[in-house]
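Good morning, colleagues. Please look at the structure on the screen while I describe its main features in turn.

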Amino acid sequence: MTDAPRAIDAVIFDLDGVLADTEILWFEAIRDLLAPAEFTWEHNLHLVGSTTEFTTDWLRRTFHRPESHEELAQKISAAVNAYGERITLDPMPGAPELVEALRGRGIRIAVASQSSPRWVERTLRQVGLLEAFQFFVTASEVPRGKPAPDIYLHAAARIGAEPT
(Lines give C-alpha, C1' and ligand atoms only; values in the text may rest on other atoms or scores of the structure.)
Protein backbone atom coordinates (compact mmCIF):
# COMPACT_ATOMS: atom_id res chain seq x y z
CA MET A 1 0.00 0.00 0.00
CA THR A 2 1.36 3.40 -0.94
CA ASP A 3 0.74 6.72 0.68
CA ALA A 4 -1.53 9.12 -1.17
CA PRO A 5 0.38 11.85 -2.97
CA ARG A 6 0.73 15.06 -1.02
CA ALA A 7 -0.68 18.25 -2.44
CA ILE A 8 1.87 20.88 -3.34
CA ASP A 9 1.43 23.92 -1.14
CA ALA A 10 4.52 25.92 -2.17
CA VAL A 11 7.03 26.16 -5.00
CA ILE A 12 10.48 27.72 -4.76
CA PHE A 13 11.98 28.70 -8.10
CA ASP A 14 15.56 29.31 -9.07
CA LEU A 15 15.90 32.36 -11.32
CA ASP A 16 18.63 32.07 -13.93
CA GLY A 17 17.71 29.49 -16.54
CA VAL A 18 14.42 28.62 -14.79
CA LEU A 19 12.34 31.81 -14.77
CA ALA A 20 14.59 33.99 -16.92
CA ASP A 21 16.71 33.14 -19.94
CA THR A 22 19.97 34.66 -18.67
CA GLU A 23 22.68 32.17 -19.54
CA ILE A 24 23.66 33.95 -22.77
CA LEU A 25 24.09 37.19 -20.83
CA TRP A 26 26.49 35.58 -18.33
CA PHE A 27 28.37 33.92 -21.18
CA GLU A 28 28.77 37.15 -23.18
CA ALA A 29 29.82 39.18 -20.13
CA ILE A 30 32.46 36.70 -19.00
CA ARG A 31 33.67 36.14 -22.56
CA ASP A 32 34.22 39.87 -23.02
CA LEU A 33 35.88 40.18 -19.63
CA LEU A 34 38.36 37.41 -20.45
CA ALA A 35 39.13 38.53 -24.01
CA PRO A 36 41.42 37.99 -25.81
CA ALA A 37 41.38 34.58 -24.11
CA GLU A 38 38.85 32.22 -25.67
CA PHE A 39 35.93 31.54 -23.33
CA THR A 40 33.71 28.95 -25.02
CA TRP A 41 30.11 27.88 -24.45
CA GLU A 42 31.50 24.62 -23.04
CA HIS A 43 33.46 26.64 -20.48
CA ASN A 44 30.28 28.48 -19.60
CA LEU A 45 28.33 25.25 -19.15
CA HIS A 46 30.96 24.13 -16.63
CA LEU A 47 30.10 27.19 -14.51
CA VAL A 48 26.29 27.19 -14.76
CA GLY A 49 24.73 27.01 -11.30
CA SER A 50 28.05 27.20 -9.48
CA THR A 51 28.98 29.45 -6.59
CA THR A 52 30.89 32.69 -7.02
CA GLU A 53 33.84 31.08 -5.24
CA PHE A 54 33.89 28.11 -7.61
CA THR A 55 33.54 30.37 -10.67
CA THR A 56 36.32 32.77 -9.69
CA ASP A 57 38.64 29.97 -8.62
CA TRP A 58 38.06 28.07 -11.88
CA LEU A 59 38.47 31.18 -14.03
CA ARG A 60 41.65 32.20 -12.19
CA ARG A 61 43.19 28.75 -12.67
CA THR A 62 41.96 28.10 -16.21
CA PHE A 63 42.71 31.54 -17.63
CA HIS A 64 45.65 32.45 -15.35
CA ARG A 65 43.91 35.56 -14.05
CA PRO A 66 45.99 37.69 -11.67
CA GLU A 67 43.05 39.16 -9.72
CA SER A 68 42.06 37.99 -6.27
CA HIS A 69 38.78 36.09 -5.93
CA GLU A 70 37.10 39.27 -4.69
CA GLU A 71 38.46 41.44 -7.51
CA LEU A 72 37.43 38.94 -10.18
CA ALA A 73 33.99 38.50 -8.63
CA GLN A 74 33.51 42.29 -8.68
CA LYS A 75 34.61 42.47 -12.32
CA ILE A 76 32.22 39.69 -13.31
CA SER A 77 29.37 41.29 -11.41
CA ALA A 78 30.04 44.67 -13.03
CA ALA A 79 30.23 43.12 -16.52
CA VAL A 80 27.01 41.14 -16.05
CA ASN A 81 25.17 44.13 -14.61
CA ALA A 82 26.36 46.31 -17.49
CA TYR A 83 25.07 43.76 -20.00
CA GLY A 84 21.83 43.51 -18.04
CA GLU A 85 21.30 47.25 -18.46
CA ARG A 86 21.75 47.08 -22.24
CA ILE A 87 19.71 44.06 -23.25
CA THR A 88 16.17 42.86 -22.71
CA LEU A 89 15.86 39.48 -21.04
CA ASP A 90 13.11 37.04 -21.89
CA PRO A 91 11.29 34.74 -19.53
CA MET A 92 11.92 31.05 -20.02
CA PRO A 93 9.23 29.46 -22.19
CA GLY A 94 6.17 28.69 -20.07
CA ALA A 95 7.50 30.37 -16.91
CA PRO A 96 4.96 33.23 -16.75
CA GLU A 97 2.10 30.83 -17.38
CA LEU A 98 3.30 28.41 -14.72
CA VAL A 99 3.75 31.17 -12.15
CA GLU A 100 0.27 32.51 -12.87
CA ALA A 101 -1.28 29.03 -12.73
CA LEU A 102 0.33 28.36 -9.34
CA ARG A 103 -0.82 31.71 -7.99
CA GLY A 104 -4.32 31.03 -9.33
CA ARG A 105 -4.43 27.80 -7.33
CA GLY A 106 -3.33 29.59 -4.16
CA ILE A 107 0.07 27.92 -4.09
CA ARG A 108 2.73 30.00 -2.34
CA ILE A 109 5.72 30.83 -4.54
CA ALA A 110 9.16 32.27 -3.93
CA VAL A 111 12.48 32.73 -5.72
CA ALA A 112 15.79 31.47 -4.31
CA SER A 113 18.79 32.62 -6.32
CA GLN A 114 22.56 32.49 -6.06
CA SER A 115 22.62 35.93 -7.71
CA SER A 116 22.74 39.34 -6.03
CA PRO A 117 19.54 41.01 -4.79
CA ARG A 118 19.99 43.79 -7.37
CA TRP A 119 20.28 41.23 -10.18
CA VAL A 120 17.27 39.22 -9.00
CA GLU A 121 15.02 42.26 -8.70
CA ARG A 122 16.00 43.70 -12.09
CA THR A 123 15.72 40.34 -13.84
CA LEU A 124 12.29 39.57 -12.38
CA ARG A 125 11.14 43.07 -13.36
CA GLN A 126 12.46 42.68 -16.93
CA VAL A 127 10.68 39.37 -17.48
CA GLY A 128 7.46 40.69 -15.94
CA LEU A 129 7.45 38.48 -12.85
CA LEU A 130 8.54 40.77 -10.00
CA GLU A 131 5.01 41.49 -8.81
CA ALA A 132 4.15 37.78 -8.78
CA PHE A 133 6.48 37.11 -5.83
CA GLN A 134 6.10 38.43 -2.28
CA PHE A 135 9.84 38.09 -1.78
CA PHE A 136 12.98 36.46 -3.04
CA VAL A 137 15.96 35.00 -1.21
CA THR A 138 19.56 35.40 -2.35
CA ALA A 139 22.82 33.74 -1.38
CA SER A 140 23.75 36.88 0.57
CA GLU A 141 21.19 35.83 3.21
CA VAL A 142 22.58 32.39 4.01
CA PRO A 143 25.89 31.00 5.29
CA ARG A 144 26.45 28.62 2.36
CA GLY A 145 25.56 29.03 -1.30
CA LYS A 146 24.62 26.30 -3.72
CA PRO A 147 24.99 23.41 -3.94
CA ALA A 148 24.24 23.50 -0.20
CA PRO A 149 20.48 23.61 0.39
CA ASP A 150 20.64 26.67 2.69
CA ILE A 151 19.10 29.09 0.22
CA TYR A 152 16.10 26.83 -0.41
CA LEU A 153 15.64 26.02 3.28
CA HIS A 154 15.68 29.74 4.07
CA ALA A 155 13.14 30.44 1.34
CA ALA A 156 10.92 27.61 2.62
CA ALA A 157 11.04 29.04 6.15
CA ARG A 158 10.16 32.53 4.90
CA ILE A 159 7.28 31.26 2.80
CA GLY A 160 6.04 29.07 5.66
CA ALA A 161 6.47 25.76 3.86
CA GLU A 162 7.80 22.47 5.18
CA PRO A 163 10.82 21.62 2.98
CA THR A 164 10.00 17.93 2.93
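**Loops, helices, sheet and pockets**

Let me begin with a single residue, His64, which is found in the loop between H3 and H4. Please keep in mind that this is a predicted model. His64 is not a glycine, and yet its phi is positive, at about 50 degrees. A second loop, the one between H1 and H2, holds Pro36. The peptide bond that leads from Ala35 to Pro36 is cis, with omega near 15 degrees. As background, most residues other than glycine have a negative phi, and most peptide bonds are trans.

I turn now to the overall arrangement. The protein has seven helices and three strands. Along the sequence, these follow the pattern β-α-α-α-α-α-β-α-β-α. Taken along the principal axes, the C-alpha atoms fill a box of roughly 55 × 30 × 30 Å.

The loop of His64 lies between H3 and H4, and this pair of helices deserves attention. How do the axes of helix H3 and helix H4 cross? Helix H3, residues 52-63, and helix H4, residues 69-86, have axes that come within 9 Å and cross at roughly 105 degrees. The two helices, H3 and H4, are therefore roughly perpendicular to each other. On the H3 side, the contact is made by Thr52, Glu53, Thr55, Thr56, Asp57, Leu59 and Arg60, and on the H4 side by His69, Leu72, Ala73 and Ile76. Sorted by class, the contact of H3 with H4 has four nonpolar, four polar and three charged residues.

Next comes the sheet. Its three strands are arranged in the order E1-E2-E3, and the sheet is open, with parallel pairing. Strand E1 (10-13) and strand E3 (136-138) stand at the edges with a single partner strand each, so one side of each is left without a neighbour in the sheet. From one strand to the next, the twist averages 20 degrees. Strand E2, residues 108-113, pairs with E3 in the parallel sense over three bridges. Ala112 has Val137 in E3 as its bridge partner.

Two helices pack on this sheet. Helix H5, residues 95-104, touches E1 and E2, and its direction makes about 155 degrees with that of E1. Helix H6, residues 117-126, touches E2 and E3, and its direction makes about 145 degrees with that of E3.

Finally, I come to the pockets. The largest has a volume of about 630 Å³. Of the 29 residues that line this pocket, Trp26, Ser50, Thr52, Gln114 and Ser115 are the closest to its centre. Helix H1 (23-34), helix H2 (41-47), H3, H4 and H6 are the elements that give two or more residues to its lining. Which element supplies the largest share of that lining? The answer is H4, with six residues. By class, the lining of the largest pocket has nine nonpolar, 16 polar and four charged residues. Thr52 thus appears here again, among the residues closest to the centre, having already appeared in the contact of H3 with H4.

The second largest pocket has a volume of about 210 Å³. It is lined by 14 residues, and those nearest its centre are Asp9, Ala10, Glu162, Pro163 and Thr164. E1 and helix H7 (150-159) each supply at least two residues of this lining. Its classes are ten nonpolar, one polar and three charged residues.

Thank you for your attention.

Technical notes. Residues numbered from 1 in each chain as written. Predicted model: local features only at pLDDT ≥ 70, side-chain atom pairs only at ≥ 80, totals over all residues. Heavy atoms only, no water. Axes fitted to C-alpha atoms, helices over the stretch in contact; angles between N-to-C directions. Helix = DSSP H or I, 4+ residues; strand = E, 2+ residues; numbered from the N terminus. Parallel < 35°, antiparallel > 145°, perpendicular 65-115°, else oblique. Contact = heavy atoms within 4.5 Å. Nonpolar A, V, L, I, M, F, W, Y, C, P; charged D, E, K, R; others polar. Pairing = 2+ DSSP bridges. 1 Å grid on protein atoms, 1.4 Å probe; cavity = no way out; pocket = protein on both sides within 12 Å on 5 of 7 lines; lining within 4 Å. Points joined across faces, edges and corners; volume = space filled by probe spheres on them.
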